Amino acid sequence: MAPSNDRFHELRELLHSSAVTGYAFDDTEDRRGVALSAYLRQAARDPARAAEAAAEIDDLIGTGLFSDEIADDVDLLPHINPPRGETVESCLAVIGGHLRQFLADFSLEYSSHGEALDDYLSDASESGLRQLAEEIRAFLILNESDRLLKKSAVTLGLAILPPRGVRLRQWLTDVRGIVLHAAAP
């Protein structure tokens, strides 16, 4: 059966990622699950996809999962099993929250962290790049533990988180290396 208007096309793509978990929700309020993490790695190339998926989740929850109005479209979605004591709607709401957090952390102006860094490097002076590299080095030294590093980064207002699956220390070290390479004569 074909969707009446393909109302949940991006949500369907997101839910297909759940095949890796045996079509079970594994997200919590505090942690993105395996399927959502896999989806967001793809959405990082086109963040508008995550925005669309979040809007479709809001539409689905607002209309009601069992509404006759969307029954044909819902039938086309992969059926995902919620954890005991949870509902599909509550699981989708958690995913929607993670999508909004992803969008808040990742500007739609850039399609990737690399693109944002390339843009910065294209306008920075050699002395500015050297200064940035030194500041990153000092910041890493001052914050010996990963816990302290994360707390300090939040306190200083770090607006962009590292790419999914990359620790903050490693990301800053990598950025420092790229900056030093760009500053080299």
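In this predicted model, the crossing of helices H7 and H9 is left-handed. H7 covers residues 126–142 and H9 covers residues 168–183; their axes come within 9 Å and cross at roughly 155°. Because angles over 145 degrees count as roughly antiparallel, H7 is roughly antiparallel to H9. On the H7 side, the contact is made by Glu 126, Leu 129, Arg 130, Leu 132, Ala 133, Ile 136, Arg 137, Phe 139 and Leu 140. H9 contributes Arg 169, Leu 172, Thr 173, Val 175, Arg 176, Val 179, Leu 180, Ala 182 and Ala 183. Sorted by class, this contact holds 12 nonpolar residues, one polar residue and five charged ones.

A second helix pair is found towards the start of the numbering, where the axes of H1 (residues 9–16) and H3 (residues 48–63) come within 8 Å and cross at roughly 100°. With that angle, H1 is roughly perpendicular to H3. Here His 9, Glu 10, Leu 11, Glu 13 and Leu 14 of H1 meet Arg 49, Glu 52, Ala 53, Glu 56, Ile 57 and Leu 60 of H3. The residues of this contact comprise five nonpolar, one polar and five charged.

The backbone also offers a detail to look at. Most residues other than glycine have a negative phi. Tyr 23, however, has a positive phi, near 55°. Tyr 23 is placed in the loop between H1 and H2, the latter spanning 34–43. With a relative accessible area of 31%, Tyr 23 is partly exposed.

Definitions and conventions: Residues are numbered from 1 along each chain as its sequence is written. This is a predicted model: local features need pLDDT of at least 70, side-chain atom pairs count only at pLDDT 80 or more; totals for chains, interfaces and linings use all residues. Side-chain values use heavy atoms; hydrogens and water are left out. Axes are lines fitted to C-alpha atoms, for helices over the stretch in contact, and angles run from 0 to 180 degrees between N-to-C directions. Helices (H or I, at least four residues) and strands (E, at least two) are DSSP runs, numbered from the N terminus. Angles under 35 degrees count as roughly parallel, over 145 as roughly antiparallel, 65 to 115 as roughly perpendicular and the rest as oblique. A crossing is left-handed if the near helix is turned anticlockwise from the far one by less than a right angle, and right-handed if clockwise. Contact means heavy atoms within 4.5 Å. Ala, Val, Leu, Ile, Met, Phe, Trp, Tyr, Cys and Pro count as nonpolar, Asp, Glu, Lys and Arg as charged, and the others, Gly among them, as polar. Buried means under 20% relative accessible area, exposed over 50%, partly exposed in between (1.4 Å probe, protein chains only).
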